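Work through the exercises below with the model open. Each task is followed by a stepwise solution.

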Amino acid sequence: LNATAGVFGVESGKIMIDGVDVTHLPEYKRAKYIGRVFQDPMMGTAANMQIEENLALAARRGCRRGLRIGITKAEREQFRQMLRLLDLGLEDRLTDKVGLLSGGQRQALTLLMATLRKPKLLLLDEHTAALDPKTAAKVMEVTRTLVNQDQLTTLMITHNMRDAIEYGDRLIMMYEGRIALDIAGEEKKNLTVEDLLAKFGQATGTAETSDKLLLS
């Protein structure tokens, strides 16, 4: 994931995003292609800036910036409409500092910021792992809405077996740095957690039923 985002370099192979070779582009230059949400809700936003200021920064990601009004009236209305999608009441709090929001609200805002410019690739780095179950479910609901709305190609990293089965079109499980399982289509739709664990055990020659794999 970090190699795809440009945090780490690669020793061989190429990283292509929608036909563009980004293998040697630095992280900041990949920003025009990639949106990313981190596990820590505090990482994707600027706590001392207002909600609308955070959104304005996201709206200008990968673009040239000059001397002009920071946030226009039209942009403010656009932000308000987008925040309504979250169903968290944030559309009426545009000038509130982000540091006043809960972890779940900040993560939902980060998700909105990451998808605002409709990236070629959205990276979700265990983006609900630090949230309580109720809030995690809400953020996943928002994720599904935004991804489906803009038909975004998304790579979601998760240890939650149920989320892995329920969301997305293709499920890949890793073991010791290699792909152990690659399941898609009807086979994926009909999976249960028990099925998935059994397939993983068969593919890796292990009886891996640790708490880590059984997170729900």
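## Exercise 1: the parallel sheet

Leu124 has Met156 of strand 5 as its bridge partner. The model is a predicted one.

Task: Starting from this bridge, give the strand order of the open sheet and state which strands stand at its edges.

Solution.
1. Strand 4 and strand 5 run parallel, and 4 bridges join them.
2. The open sheet has 3 strands in the order 3-4-5, with parallel pairing.
3. Strand 3 (34-37) and strand 5 (154-157) each have a single partner strand, so they stand at the edges, with one side left without a neighbour in the sheet.
4. From one strand to the next, the twist averages 10°.
5. Helix 5 packs on this sheet and touches strand 3 and strand 4. The direction of helix 5 makes about 175° with that of strand 3.

## Exercise 2: the nonpolar cores

Task: Find the largest nonpolar core and say which helix gives the most to it.

Solution.
1. The largest nonpolar core has 28 residues. Ile51, Leu55, Phe79, Leu83 and Leu109 have the most contacts inside it.
2. At least two residues of this core come from each of helix 3 (51-59), helix 4 (73-84), helix 5 (103-115), strand 4 (121-125) and helix 6 (133-150).
3. Helix 5 gives the most, with 6 residues.
4. Take Leu109 and leave aside its neighbours within four places in sequence. Leu109 is then in contact with Thr45, Ile51, Leu55, Leu83, Leu86, Val98 and Leu101.
5. A second, separate core has 12 residues, including Ala164, Ile165, Leu181 and Phe200.

## Exercise 3: two packed helices

Task: Classify the packing of helix 3 on helix 4 from the angle between them.

Solution.
1. The two helices, helix 3 and helix 4, pack at an angle of about 100°. Their axes are 10 Å apart.
2. Angles of 65 to 115 degrees count as roughly perpendicular. Helix 3 is therefore roughly perpendicular to helix 4.
3. Now list the residues that meet. Helix 3 brings Ile51, Glu52, Leu55, Ala56 and Ala59. Helix 4 brings Arg76, Phe79 and Leu83.

## Exercise 4: hairpin and aromatic pair

Task: Describe the pairing of strand 6 with strand 7, then classify the aromatic pair that Tyr175 forms.

Solution.
1. Strand 6 and strand 7 (residues 178-184) run antiparallel, joined by 6 bridges.
2. Met174 has Ile179 in strand 7 as its bridge partner.
3. The hairpin of these strands has 2 residues between them, and Glu176 takes a positive phi near 50°.
4. The structure holds 1 aromatic pair. Tyr175 and Phe200 form it, at 5.8 Å centre to centre and 85° between the planes.
5. Planes over 60 degrees apart count as edge-to-face, so this pair of Tyr175 and Phe200 is edge-to-face.
6. The pair links distant parts of the chain, 25 residues apart: Tyr175 is in strand 6 (residues 170-175) and Phe200 in helix 9 (residues 193-204).
7. Buried means under 20% relative accessible area. Phe200 counts as buried because its relative accessibility is 3%. Tyr175, at 25%, counts as partly exposed.

## Exercise 5: the surroundings of Asn2

Task: Locate Asn2 and list what it touches beyond four places in sequence.

Solution.
1. Asn2 lies in helix 1 (residues 2-5).
2. With a relative accessible area of 25%, Asn2 is partly exposed.
3. Not counting residues up to four places away in sequence, Asn2 touches Val7, Phe8 and Arg36.
4. Asn2 and Glu27 are 25 residues apart in sequence, and their C-alpha atoms are 9.5 Å apart in space.

Definitions and conventions: Residues numbered from 1 in each chain as written. Predicted model: local features only at pLDDT ≥ 70, side-chain atom pairs only at ≥ 80, totals over all residues. Heavy atoms only, no water. Core = buried A, V, L, I, M, F, W, Y, C linked by side-chain atoms within 4.5 Å. Buried < 20%, exposed > 50% of the residue type's maximum accessible area, 1.4 Å probe, protein only. Contact = heavy atoms within 4.5 Å. Phe/Tyr/Trp six-rings, centres within 6.5 Å; stacked < 30°, edge-to-face > 60°. Pairing = 2+ DSSP bridges. Axes fitted to C-alpha atoms, helices over the stretch in contact; angles between N-to-C directions. Parallel < 35°, antiparallel > 145°, perpendicular 65-115°, else oblique.
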